[in-house]
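Biologist: Before accepting the labels attached to a model, I would like to hear the reasoning behind each of them. Could we go through them in turn?

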Amino acid sequence: TYPPNCFISDTLTFGGHSNRYATISLSGPSEYRPITYTGPTDRPALFIAGMAAFTWDHVGLIRSGYADASGRGTSTGILIAASAGTSGGTRNTTLTFDHIAVSGFHIGMLAGDNGYQVSELECRQCGFTYNDIGFTPSYYNSLNFWFYGLHIVNNKVGVKLGGPWVSTGIHVVGGDSGNNTVADFEIGNT
């Protein structure tokens, strides 16, 4: 649990073990009392590495100065991948996010990166606002993502699939979208 008005100035890493999965659950006071990231725009605010079977609930994350789209750089709010030097494959599995809000990043949540897959991710009442891309999976075999009550508002693209962002098994059950300037869902060759 974190106190209200919590600020972080560099990446906060959860897990990161190279030889086994870690289970670190996180419970915040509310997605409406977010952690504010004030750090560099070339790295993630939160890095989930080599994690399995956890639940994060009532966690908000916002980039300082998020209203200025030019200041987002290549930042990622939540990156789910693996630590450097870890062998490829599925490095994060059976992840549950409940009442999560991510705002003001280039990518709100990136599931998989650089050869590290993510599978069996569930988001309940997750919101992505004021990002260039709200949610996107990356790399082949990143699969089985479930969204219940997905909230994608005021992004450029709410959810991006296909092209270099390859994945399968995206399921959205209810939710809302609005004012996404490019598309609510951008789907390529997935």
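Biologist: What share of the residues in the protein is made up of buried residues?

Modeller: This is a predicted model, and in it buried residues make up 51% of the 190 residues in the protein. As for secondary structure, the protein has 16 strands and 0 helices. Of the contacts with a separation of 6 or more, 84% are between residues 24 or more positions apart.

Biologist: Why is the pair of Tyr-37 and Phe-105 called tilted?

Modeller: By the rule for ring pairs the count comes to 9 aromatic pairs. For Tyr-37 and Phe-105 the centres are 6.3 Å apart and the planes stand at 35 degrees. Pairing asks for centres within 6.5 Å, and an angle that is neither under 30 nor over 60 degrees counts as tilted, so this pair takes that name.

Biologist: What makes this a link between distant parts of the chain?

Modeller: Tyr-37 belongs to strand S4 (residues 35-37), whereas Phe-105 sits in the loop between strand S8 (89-103) and strand S9 (107-111), and the two are 68 residues apart.

Biologist: How do you know whether Phe-105 is buried or exposed?

Modeller: The relative accessible area of Phe-105 is 0%, and since buried means under 20%, Phe-105 is buried. Tyr-37, also with a value of 0%, is buried for the same reason.

Biologist: Which residues does Phe-105 touch, leaving out those up to four places away in sequence?

Modeller: Among them are Tyr-37, Ala-45, Leu-61, Ile-62, Tyr-130 and Asp-132. Arg-72 is also one of the residues touched, and its C-alpha lies 5.4 Å from that of Phe-105, although 33 residues separate the two in sequence.

Biologist: Why is the pair of Phe-135 and Phe-145 called edge-to-face?

Modeller: The ring centres are 5.5 Å apart and the planes are at 65 degrees; because an angle over 60 degrees counts as edge-to-face, the pair is given that label. The two rings come from strand S12 (residues 133-137) and strand S13 (residues 143-153), with Phe-135 and Phe-145 10 residues apart. Both Phe-135 and Phe-145 are buried.

Biologist: What makes you say that Arg-124 lies over the face of Tyr-148?

Modeller: Arg-124 is placed at 4.3 Å from the ring centre of Tyr-148, where the distance limit is within 6 Å. Elsewhere, ring pairs link Phe-14, Phe-54, Trp-56 and Phe-97 into a cluster.

Biologist: How much space lies in the largest pocket, and which element gives the most to its lining?

Modeller: The largest pocket holds about 320 Å³ of space. Of its 21 lining residues, Tyr-32, Ala-101, Ser-103, Thr-129 and His-151 are the closest to the centre. S8 gives the most to the lining, with 5 residues, and the lining as a whole divides into 11 nonpolar, 8 polar and 2 charged residues.

Biologist: Why is Asn-154 called partly exposed, while Asn-179 counts as exposed?

Modeller: Asn-154 has a relative accessible area of 24%, and because partly exposed covers the range between 20% and 50%, that label follows. Asn-179 reaches 60%, which is over 50%, and therefore counts as exposed. Asn-154 lies in the loop between S13 and strand S14 (157-161), and Asn-179 in the loop between strand S15 (168-178) and strand S16 (183-187).

Biologist: What is the phi of Asn-179 near?

Modeller: Phi of Asn-179 is near 60 degrees, a positive value in a residue other than glycine, and phi of Asn-154 is likewise near 60 degrees. Most residues other than glycine have a negative phi.

Definitions and conventions
Residues numbered from 1 in each chain as written. Predicted model: local features only at pLDDT ≥ 70, side-chain atom pairs only at ≥ 80, totals over all residues. Heavy atoms only, no water. Phe/Tyr/Trp six-rings, centres within 6.5 Å; stacked < 30°, edge-to-face > 60°. Helix = DSSP H or I, 4+ residues; strand = E, 2+ residues; numbered from the N terminus. Buried < 20%, exposed > 50% of the residue type's maximum accessible area, 1.4 Å probe, protein only. Lys NZ or Arg CZ within 6 Å of the ring centre and 35° of its normal. Contact = heavy atoms within 4.5 Å. 1 Å grid on protein atoms, 1.4 Å probe; cavity = no way out; pocket = protein on both sides within 12 Å on 5 of 7 lines; lining within 4 Å. Points joined across faces, edges and corners; volume = space filled by probe spheres on them. Nonpolar A, V, L, I, M, F, W, Y, C, P; charged D, E, K, R; others polar.
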